[in-house]
Amino acid sequence: MDTELFADLERRVETLVERYTALKRENDVLREENGRLLQERDAVKSRIDGVLRKLEGI
């Protein structure tokens, strides 16, 4: 009985570690994507600001 409980506990811990690892990888990917999107947003904002400045001069 105790062996079964320990085996079950071991499986659960392994599952939790696998899920944690997968979530950590996904979080890293999402952080990178977020950084890329922030840079892209800033570039678009700069272009829009430039166009607006040109329009104000007209």
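A7 is partly exposed, because its relative accessibility is 28% and the partly exposed class lies between 20% and 50%. A7 belongs to helix α1. The model is a predicted one. Between A7 and L30, which are 23 residues apart along the chain, the C-alpha atoms are separated by 34 Å.

**Overall form**

The protein chain has one helix and zero strands. Its radius of gyration is 25 Å, well over the 10 Å that the globule rule gives for 58 residues, so the chain is more spread out than a compact globule. The C-alpha trace spans about 85 × 10 × 5 Å along its principal axes. Helix α1 covers residues 2-56.

Of the 58 residues in the protein chain, 2% are buried. The accessible surface amounts to about 5800 Å², and carbon and sulfur atoms account for 58% of that surface.

**Charges and salt bridges**

The protein chain carries 12 positive and 14 negative charges. The mean position of the positive charges and that of the negative charges are 10 Å apart. Side chains of opposite charge can pair when their charged atoms come close. In this structure there are five salt bridges, and the table gives some of them, with the distance between the closest N and O atoms.

| Salt bridge | Closest N and O atoms |
|---|---|
| D8 and R11 | 3.7 Å |
| R12 and D8 | 3.3 Å |
| R41 and D42 | 3.3 Å |

Which residues are joined into one network by salt bridges that share partners? They are D8, R11 and R12. D8 takes part in the salt bridge with R11 and also in the one with R12. D8 and R11 both lie in helix α1, three residues apart, which is about one turn of the helix. R12 and D8 are likewise both in helix α1, with a spacing of four residues, again about one turn of the helix.

How do the members of this network stand with respect to solvent accessibility, buried or exposed? D8 has 27% relative accessibility and therefore counts as partly exposed. R11 is also partly exposed, because its relative accessible area is 49%, under the 50% that an exposed residue must exceed. R12, at 55% relative accessibility, is over that limit and so counts as exposed.

The salt bridge between R41 and D42 has its closest N and O atoms 3.3 Å apart. Its acidic partner, D42, is partly exposed, because its relative accessible area is 38%.

**Nonpolar surface patch**

V44, I48, V51, L52, L55 and I58 make a nonpolar surface patch of about 590 Å². One of these residues, I58, is placed in the segment after α1. Is I58 buried or exposed? I58 counts as exposed, because its relative accessibility is 84% and the exposed class begins over 50%.

**Summary**

The predicted model shows one helix and zero strands, in a chain that is more spread out than a compact globule. Its five salt bridges include those that join D8, R11 and R12 into one network. The nonpolar patch of about 590 Å² includes I58, a residue in the segment after α1.

Definitions and conventions:
Residues are numbered from 1 along each chain as its sequence is written. This is a predicted model: local features need pLDDT of at least 70, side-chain atom pairs count only at pLDDT 80 or more; totals for chains, interfaces and linings use all residues. Side-chain values use heavy atoms; hydrogens and water are left out. Patches are made of residues with over 30% relative accessible area and no salt bridge: like charges are joined within 9 Å, nonpolar side chains (Val, Leu, Ile, Met, Phe, Trp, Tyr) within 5 Å. Accessible areas come from the Shrake-Rupley method with a 1.4 Å probe; for residues, only the protein chains shown count as cover. A salt bridge is a side-chain nitrogen of Lys or Arg within 4 Å of a carboxyl oxygen of Asp or Glu. Helices (H or I, at least four residues) and strands (E, at least two) are DSSP runs, numbered from the N terminus. Buried means under 20% relative accessible area, exposed over 50%, partly exposed in between (1.4 Å probe, protein chains only). The radius of gyration is taken over C-alpha atoms; the globule rule is 2.2 Å times the number of residues to the power 0.38. Lys and Arg count as positive and Asp and Glu as negative; His and the chain ends are not counted. The place of a charge is taken as NZ of Lys, CZ of Arg, CG of Asp or CD of Glu.
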